[in-house]
Amino acid sequence: MSVEAHEIIPMPQPDPHGRQESIPEAAKRKLSSPWATGLVILITVLWTIPTFGLLVTSLRPSEQAQNTGWWTIITDPTLTLDNYSQVISGGSVIPNGIAPYFFNSFAIAIPAAIFPLVIACMAAYAIAWIPFRGSTFVFFTIFALQVIPLQMSLLPLLTMFNKGWSLGPIPIFPDLNKPGTEQSIFIGTYVPLWIAHTMFALPLAIFLLHNFINQLPRELFEAARVDGASHFLIFRKLVLPLTVPAIASFAIFQFLWVWNDLLVALTFAGGTPDVAPITAYLANIKGSYGAQIHLITAGAFVAIVVPLIVFFSLQRFFVRGLLAGSVKG
Amino acid sequence: MEEVTSGLAKIGTGLAAVAIFIALLLIVFFIGARARGKLQHPAAMIVFLGPAIVLLAYGLIAPAFLTTAGSFKDATGQNWVGLANFGWIFTTPSNREVLLNTALWIIIAPLVSTALGLTLALLLDRMRRESISKSLIFMPMAISFVGAGIIWGLVYEYRDPAGAQIGLLSQIAQWIGMEDPPNWLLWQPFNNFFLMVIMIWIQVGFAMVVLSAAIKAIPGDVVEAAELDGATGWKLFSRVTIPMIRGTLIVVLTTIIIAVLKVFDIVRVMTNGNFGTQVVANEMYAQSFVQFDVGRGSALAVVLFVAVIPLIAYNVIQLRKERTIR
């Protein structure tokens, strides 16, 4: 998923008197259009067929999958789960299975969704409710940081993790090597991936959560402050519970985004089964075993099934997050 | 079985990281809450805003400066070369093609996605049961570009026209009488459009959902008033609907443009930039991590950066306007 993030979406304000008949209702009365319905169904079918073809191909025996189109299942309905067992644990054609990468994706995506959320929540609270000079400036600067594309950060961050940074003699980020070697302790771990994803997610996360936290009722905070509650207590007992809807929306986005990411994964994880996620594996087998259509489609389906489950089960939150501030990339 | 145990261990690592993170936070909160009197305010500031500022400084701000500096250096990042890398980007014929392709992408893909999304949003509003169609058209948003690349690779798959076809597009071409369908992904310059179709396939759902919500939010009496004045059909659409959702339309367009500018995965998985399909973002990756030319890679990243500036700047200005109205 790679829509770029930003901006709250300006929506026309609904009628305050509850008369909410909109264009659709008005149009429905006058234009109950079979043409519209037909056209939408046609586009829906067009939009769904490619994914359906992938699923069917992944279930066909290698012989059929490689020599006939998937639509011929109508005349030749042989289906098998063989491709899946081969691609999951590795087989004679592709020796390495997808399984380790599948688990890597979870190990990367769960922390990489939670870290930026918590840090962004805290920052959003500080900007909205801890009075300090320049809070507006900080807010706009963070929002504007979305101007920096991921691509600008890749090379410097990679250097930072591998060799450290220093400004002349002053170390800004230490060069951490494994004892007795020249190899950085970060190589072969998830840590650079977690940190990189957290960094890249922050501008959008802070922006979205600030929009939400900023609109919590002022009296709430004033009352709590009068009672002598510290910011830490207010944050834990008031802000976090009240922000759950916004947190859920953003968590889903970030999880899907990290799960589907390839660029950050290729840069910071390489292609090893130790840490690389499922997207890196897929891109790799697509390049090396392109002719093994039955296995590649099975692998692709394994990779997309998790986002599809998340998407269909949590679509309401997903849409809400989208409308609250568009998606990210 | 061994896979499952080692897999669970990996997920365990992830969960342990989360647990450690939360524990650290609780400790910091505990210490922060001890602060009294004059220390209270600065303690809260440091704990709440500090982590975000540090991460942004290390992850985005410092790299932006380093990459900009790197774009004026040679392949190894040791010697200054002035504008040589930018000269290379804007004058070599192969790069002109890259820039042209990227320009085509940012013009065509966002416009088609938004137009189709708007059409669907309008059509869906006239349907009684819209939810299933909406979900299915929206679904590609959840699929990675790599997955989408494999899905569409199957559609574009080439086989000898004399034999059985595997690719749906070739088969359809044959059904409608095109005897010798080309190898779509090698067919220059049209292969660029076949790659854009994948992007459009993903983005239409986004445009549709957002625009559909905007149309639904148009107050009914505005529409009624327009209808009393005799506006129907096209007039109603162009004079009432479009102006009412103008802001949303622009957000959708700019969002997709930025996504398209950074398109990398699709091109990498489908053609790896060969056959005249290279774009700036994938060329940036190739220069940095395949050719190991840090200077050129950085310069290409700077080009992306400069291209995004006006879009974000516009959004910042809009946001400031909204804030002052509120």
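In which sense do strand β1 (residues 165–167) of chain A and strand β2 (residues 170–173) of chain A pair, and over how many bridges? I looked this up in the model, which is a predicted one. I found the antiparallel sense, with three bridges joining β1 and β2 of chain A.

I then examined the residues of this hairpin. I noted A:Ser166 opposite A:Pro171, the latter in β2(A). Two residues lie between the strands, and in this hairpin I read a positive phi near 65° for A:Gly168.

Next I turned to the interface of the two chains. I recorded 138 residues of chain A in contact with 129 residues of chain B. I obtained a buried area of about 11,800 Å² between chain A and chain B, with 77% of it on carbon and sulfur atoms. I asked which three residues supply the most of what chain A buries against chain B. They are A:Trp47, A:Met152 and A:Phe232, which together give 7% of that area.

I searched for salt bridges between chain A and chain B and the count was zero. For polar contact I counted 15 residue pairs between the chains, both residues of each pair being at pLDDT 80 or more. I identified helix α5 (residues 99–129) of chain A as the element that gives the most to the side of chain A touching chain B, with 17 residues. Sorting that side of chain A by class, I listed 95 nonpolar, 33 polar and 10 charged residues.

Last, I checked the domains of chain B. I noted a division into domain 1 (2–70) and domain 2 (89–325). I entered 35 Å as the distance between the C-alpha centres of these two domains of chain B.

Conventions
Residues numbered from 1 in each chain as written. Chains lettered and ligands numbered in written order. Predicted model: local features only at pLDDT ≥ 70, side-chain atom pairs only at ≥ 80, totals over all residues. Heavy atoms only, no water. Contact = heavy atoms within 4.5 Å. Buried area = accessible area lost by both parts, 1.4 Å probe. Salt bridge = Lys/Arg side-chain N within 4 Å of Asp/Glu carboxyl O. Polar contact = N/O pair within 3.5 Å; in protein donor to acceptor, adjacent residues only side chain to side chain. Helix = DSSP H or I, 4+ residues; strand = E, 2+ residues; numbered from the N terminus. Nonpolar A, V, L, I, M, F, W, Y, C, P; charged D, E, K, R; others polar. Domains from an automatic or database assignment. Pairing = 2+ DSSP bridges.
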